[in-house]
Structures are given as C-alpha cells and as structure tokens.
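This report covers burial, ring pairing, the nonpolar core and a surface patch.

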Amino acid sequence: MKQRASGFTLLEMIVVLVIIGLIMGLVGPRLFSQADKAKVQTAETQVRMLKGALETMRLDIGRFPTEQEGLQALVTKPADERVAPRWEGPYLDDGVPADPWGNPYRYAPVASDTQPITLYSTGANGENGGEGYDADVGYLPKP
C-alpha cells in the first residue's frame, strides 16, 4: 500500500494567496481610511491638550509664549528674567509632540478666529490649506 504525503500542493497555496489578496483588496482601503480619520482626531486632541498647557502657563507667567519661544516654552524655562521665576513647568510630561504626520505644530501668540492664539497642524500634506485629510486642524490664523 502506498502512503500519500500530507501537505498542501502548490496549486492550493496559490488559491489561498489569491483569496487573501482579494480580501485585502476589499478591506485594505477601509482600514487606511480609518487610520487617516484617527490621525485627524489625534491632531484635534493634541491641539486641545497643547492649548490647555499654554493656558496654564499663561496663568503662571501672565502671558502666552512669544513666537520666538514657541511651544518649547512649555518644557523649557523662558530666558526672560521677568517671567522665569513664575514659570512652574514643565507643562508637558513628554515634551512637545509632533503632529500625527510627523510635522511640528504651528504656533503664534496672535488671535485665531475663535481663540487668543493660533495653534494648528498642517494636516497630511504638511502645507497650509488643503481639503479632506490634507486640511489644517486646530485654531487657524485669521484669513
């Protein structure tokens, strides 16, 4: 009696790989869309967190950081001798985060449309403006 070796044939492996490829072709775009949406939500949350830290710092030293000090003033004591003694930081535990796309957040101590500061991410494309996932997220400068 002849014994047959157990295992998969090459044809069976190819069929399985084709089926997996078809499934990924259907599911993959939906997963990437969810990832992009999550990055936008993360940027919105980080902007609110940074604004809260900036507000706390403003209560301590009496002003928002200058444009030159930037967001780094949340983790590094200002050099200004008038405000340095009142600085109670660092105001962020893990340093200033980059946005979800790896770009720095844009900050200026000038009013946006709704807030006393301008603080935003430039979105997926890393440039001002854009639509969809490329749109800027946060407290945008006045046009």
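## Aromatic pair, core and surface patch

Tyr-91 has a relative accessible area of 14% and is therefore buried; buried means under 20%, exposed over 50%, and partly exposed in between (1.4 Å probe, protein chains only). This is a predicted model, in which local features need pLDDT of at least 70 and side-chain atom pairs count only at pLDDT 80 or more, while totals for chains, interfaces and linings use all residues. Residues are numbered from 1 along each chain as its sequence is written, and side-chain values use heavy atoms, with hydrogens and water left out.

| Residue | Relative accessibility | Class |
|---|---|---|
| Trp-87 | 10% | buried |
| Tyr-91 | 14% | buried |
| Met-13 | 40% | partly exposed |

Trp-87 and Tyr-91 form an edge-to-face aromatic pair, with 5.7 Å between centres and 85° between planes. Rings of Phe, Tyr and Trp (its six-membered ring) pair if their centres lie within 6.5 Å; planes under 30 degrees apart are stacked, over 60 edge-to-face, and the rest tilted.

The largest nonpolar core (buried Ala, Val, Leu, Ile, Met, Phe, Trp, Tyr and Cys residues joined through side-chain atoms within 4.5 Å) has 23 residues, of which Leu-54, Leu-71, Leu-74 and Leu-119 touch the most other members. Helix α1 gives the largest share of this core, eight residues. Helices (H or I, at least four residues) are DSSP runs, numbered from the N terminus.

Met-13 lies in α1, residues 10-61. Beyond four places in sequence, Leu-119 has contacts (heavy atoms within 4.5 Å) that include Val-47, Leu-50 and Tyr-139.

Terms used. Helix = DSSP H or I, 4+ residues; strand = E, 2+ residues; numbered from the N terminus.
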